[in-house]
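This report walks through one protein model, from its overall make-up to a few individual residues. Please keep the sequence and the three-dimensional view at hand while reading.

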Amino acid sequence: MIKKLSEEARFTLIIVIAVLMVPLVFYLVNLFTGSSSEESPKSSEMRVIVTEAQKKEVLAKLPPEAVIKSVREVIKQGNHSTAYMQLGQLPEGSPAQEELRKLLEKEAKAQKRPGVRKVADKPQNPVKYFDESTPRDRSEDALYVYLVDIYGTLWPRICIQTAGKKPIEISRFSINLDGKNFTIRPTTLKTEKLQDKVAEYHDALLDKESYSLLQALIKSRKAVLTSVGIKEKRTREISEQEKKGLVRIMDTYAALGGDYAFARTAAPLPAPAAPRPKKNASP
């Protein structure tokens, strides 16, 4: 049919079709470019969300030991601001954040305990907690308990010390509480030379025997301590100030999460190692 049209008519028809196609072409172009621009932010947004999710996942998988260890060191040096900054950087609800939060709460409680002093001479030394009633050196006779922080765990230790012009080579400590006798035999007795005295002291972890002694000592009306040496004895009365100091430091241990379960049950002693046979020994 088109072939039957004249050449002029065919040319006119092509122009009309071209004019009608222009709006359609623009519509298609706008539709294509518009959908592309709308999808771009969505895809970009999806990429951001995935990145944040991956970041949180990686942070959550970080081992808390390294974080807690570094924070514990700055806390020992009194730098609490760094610890709180680290707390804010950790993922919310992560194991590392929870452990760090407990560590900061524990430290805050320790700082607010009345009558308890914190000692940390050097960063590499363990932190120790003493009651204010305990002497600052070995030159005074005393019986007290103090706490040692070893990698975040508190260990209570009992110390009995006496000083004189010469050592008496103590074999045992005898403590009379309202007529009832208790005995502590030091496994290792330490000696320290002072300027004009010689101090002897027993320093050991609290165990069932010493824990029972402390419970009776705190409740006693009169307590007399005798340091029994090879040639002589030293006898003195345990003061009320010492008893109150024992109560405060033991309350501090409990407030910081300490448990005396280890001292209420007798732990079996390790079996002695069998002697090794000598080389080239005859059977």
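Helices (H or I, at least four residues) and strands (E, at least two) are DSSP runs, numbered from the N terminus. With these terms in place, T134 can be located in the loop between β2 and β3. The model described here is a predicted one.

## Overall make-up

The protein chain contains seven helices and ten strands. It has 283 residues, of which 31% count as buried, and it exposes about 19,500 Å², with carbon and sulfur atoms supplying 57% of that area.

How contacts are spread along the sequence can also be described. Among contacts between residues at least 6 apart in sequence, 55% join residues at least 24 apart.

## The six-stranded sheet

One part of the chain forms an open sheet of six strands, in which the order is β1-β2-β3-β4-β8-β7 and the pairing is antiparallel. The edges are taken by β1 (116–119) and β7 (190–193), each of which has a single partner strand, so one side of each is left without a neighbour in the sheet. From one strand to the next, the twist averages 30°.

Within this sheet, strand β3, which covers residues 142–150, pairs with strand β4, which covers residues 153–164, in the antiparallel sense over nine bridges. To follow this pairing in the 3D view, one can start from L147, whose bridge partner in β4 is P156.

## Helices lying across the sheet

Two helices can be described by the strands that they cross. Helix α5 (residues 208–219) lies across β3, β4 and β8 (198–205), and it runs at about 125° to β3. Helix α6 (residues 240–255) lies across β1, β2 (127–131), β3 and β4, and in this case the angle to β3 is about 15°.

## Pairings made by β5

Strand β5 (residues 170–177) has antiparallel pairings with two strands, which can be taken in turn. With strand β9 (residues 223–229) the pairing extends over seven bridges, and here L177 has A223 in β9 as its bridge partner.

With strand β6 (residues 180–184) the pairing extends over five bridges, and F173 stands opposite I184 in β6. These two strands, β5 and β6, form a hairpin that has two residues between them, and D178 in the turn has a positive phi of about 55°.

## Aromatic rings

The structure holds five aromatic pairs. In the pair made by Y144 and Y146, the ring centres are 6.2 Å apart and the planes stand at 45°, so the pair is tilted. Which category of exposure applies to Y144 and Y146? A residue is called buried when its relative accessible area is under 20%; Y144, with 7%, is therefore buried, and Y146, with 6%, is buried as well. Ring pairs link F130, Y144 and Y146 into a cluster.

Another aromatic pair, formed by Y253 and Y260, is edge-to-face, with 4.8 Å from centre to centre and 65° between the planes. Y253 has a relative accessibility of 4% and so counts as buried, while Y260, at 8%, also counts as buried. A further ring is that of Y201, where R138 lies over the face at 3.7 Å from the ring centre.

## Two buried positions, T134 and D131

The residue located at the start, T134, has a relative accessibility of 6% and therefore counts as buried, although its place is in a loop. Which residues does T134 touch, leaving aside its neighbours within four places in sequence? T134 is in contact with R117 and Y144. From T134 to Y144 there are ten residues in sequence, and the C-alpha atoms of these two residues are 6.5 Å apart in space.

The second position, D131, is in strand β2, and its relative accessibility of 0% means that D131 counts as buried. Not counting residues up to four places away in sequence, D131 touches G115, V116, R117, G245, R248 and I249. D131 and K244 are 113 residues apart in sequence, whereas the distance between them in space is 9.3 Å, C-alpha to C-alpha. R117 thus appears among the contacts of D131 and among those of T134.

Notes
Residues numbered from 1 in each chain as written. Predicted model: local features only at pLDDT ≥ 70, side-chain atom pairs only at ≥ 80, totals over all residues. Heavy atoms only, no water. Buried < 20%, exposed > 50% of the residue type's maximum accessible area, 1.4 Å probe, protein only. Contact = heavy atoms within 4.5 Å. Areas by Shrake-Rupley, 256 points an atom, 1.4 Å probe, with all protein chains shown as cover. Phe/Tyr/Trp six-rings, centres within 6.5 Å; stacked < 30°, edge-to-face > 60°. Lys NZ or Arg CZ within 6 Å of the ring centre and 35° of its normal. Pairing = 2+ DSSP bridges. Axes fitted to C-alpha atoms, helices over the stretch in contact; angles between N-to-C directions.
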